[in-house]
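Biologist: I am new to this structure and would like to learn how to read its features. Please take them one at a time.

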Amino acid sequence: PRPDCLPEKRFLIDPHLPKVSGSTKIEAQLRQINSKIHIFGHTHLAVDYVADSVRYLNWPLGSFRERQHQTRIVSGSGILLLYDEARGFADIQPTFWSYYYSQYPRDANICLLAPWVRRVYNALGLSVDESIQAQQAALRAKDPNAIPFPQYPENNSADIYYARTAKQYKSWRAPPYDADDF
């Protein structure tokens, strides 16, 4: 998919993910054949959004651990029925990252690590540029909207967010599966 189907590196625990995901060559091929939808995988981050008139969709099942976090929207509400002959294509499904980027455009000048990323980096002993981190942390302390971090809509918990979306889009979901299904 396009490189912007991934969250910014400052939100990713694995900083190498952008090196193996996102391709301008595949994006060019999509444009050449005038594709209206691009279904992709590999990243294990649920995404469903439209960019430049193309719908980009990743609805990952994920591993057991991932089903507790980044693929929770899938495991909590079921596999997506993307197309139904009577109804056509499913509506855009709300996902954590699609919601965030609908509110806040990407900004390559921001490199303040998300708190969850910093905790992992510190635990692993990975180094970061502390001067930039301190400078941007001070800016965020003055105005949290200057450097936003993702949160669920209306400051809801993950449980409330996923329950609402599962109920709202139930007709487009297969029943949730159990770990025994694999």
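Biologist: In what order do the elements of the protein run from the N terminus on?

Modeller: Helices (H or I, at least four residues) and strands (E, at least two) are DSSP runs, numbered from the N terminus. Here the order is α-α-β-β-β-α-β-β-α-α-α-α, which gives 7 helices and 5 strands. This is a predicted model, where local features need pLDDT of at least 70 and side-chain atom pairs count only at pLDDT 80 or more, while totals for chains, interfaces and linings use all residues. Residues are numbered from 1 along each chain as its sequence is written, and side-chain values use heavy atoms, with hydrogens and water left out.

Biologist: What is the radius of gyration of the protein, and what does the globule rule give for 182 residues?

Modeller: The radius is taken over C-alpha atoms, and the globule rule is 2.2 Å times the number of residues to the power 0.38. The protein has a radius of gyration of 18 Å, close to the 16 Å from the rule for 182 residues, so it is as compact as a globular protein of that length. Along the principal axes, its C-alpha trace spans about 55 × 40 × 30 Å.

Biologist: How much of the protein counts as buried?

Modeller: Buried means under 20% relative accessible area, exposed means over 50%, and partly exposed is in between (1.4 Å probe, protein chains only). Of the 182 residues, 41% count as buried. The accessible surface, from the Shrake-Rupley method with a 1.4 Å probe and, for residues, with only the protein chains shown as cover, comes to about 11,000 Å². Carbon and sulfur atoms hold 55% of that surface.

Biologist: What share of contacts between residues at least 6 apart in sequence join residues at least 24 apart?

Modeller: A contact means heavy atoms within 4.5 Å. In this protein the share is 61%.

Biologist: Which residues does I110 touch, and is I110 buried or exposed?

Modeller: Not counting residues up to four places away in sequence, I110 touches R10, Q136, A146 and I147. I110 sits in the loop between α4 and α5 (115-124) and counts as buried, because its relative accessibility is 13%. The C-alpha atoms of I110 and R10 are separated by 8.2 Å, although the two are 100 residues apart along the chain.

Biologist: How far apart in space are Q103 and P148, C-alpha to C-alpha?

Modeller: They are 9.9 Å apart, with their positions 45 residues apart in sequence. Q103 is in helix α4 and is partly exposed, at a relative accessible area of 43%. V120 and S75 are also 45 residues apart in sequence, but 25 Å apart in space, C-alpha to C-alpha. V120 belongs to helix α5 and is partly exposed, with 26% relative accessibility.

Biologist: What is the sign of phi in H44 and in S53?

Modeller: For H44, phi is near 65°, a positive value in a residue other than glycine. H44 is in the loop between β1 and β2 and is partly exposed, with a relative accessible area of 29%. For S53, phi is near 70°, again a positive value in a residue other than glycine. S53 is in the loop between β2 and β3 (54-58) and is exposed, at 56%.

Biologist: How much space lies in the largest pocket?

Modeller: Rolling a probe the size of a water molecule over the atoms shows where empty space is left. On a 1 Å grid over the protein atoms alone, using a 1.4 Å probe, a pocket is an open set of points with protein on both sides within 12 Å along at least five of seven lines, and lining residues have an atom within 4 Å of a point. Grid points are joined across faces, edges and corners, and the volume is the space filled by probe spheres set on the points. The largest pocket holds about 700 Å³.

Biologist: Which residues lie nearest its centre, and which classes make up the lining of the largest pocket?

Modeller: Of the 25 lining residues, L45, H69, Q70, W97 and W116 lie nearest the centre. Helices α3 (72-77), α4 (96-103) and α7 (158-168) each supply at least two residues of the lining. By class, the lining has 14 nonpolar, 7 polar and 4 charged residues. Ala, Val, Leu, Ile, Met, Phe, Trp, Tyr, Cys and Pro count as nonpolar, Asp, Glu, Lys and Arg as charged, and the others, Gly among them, as polar.
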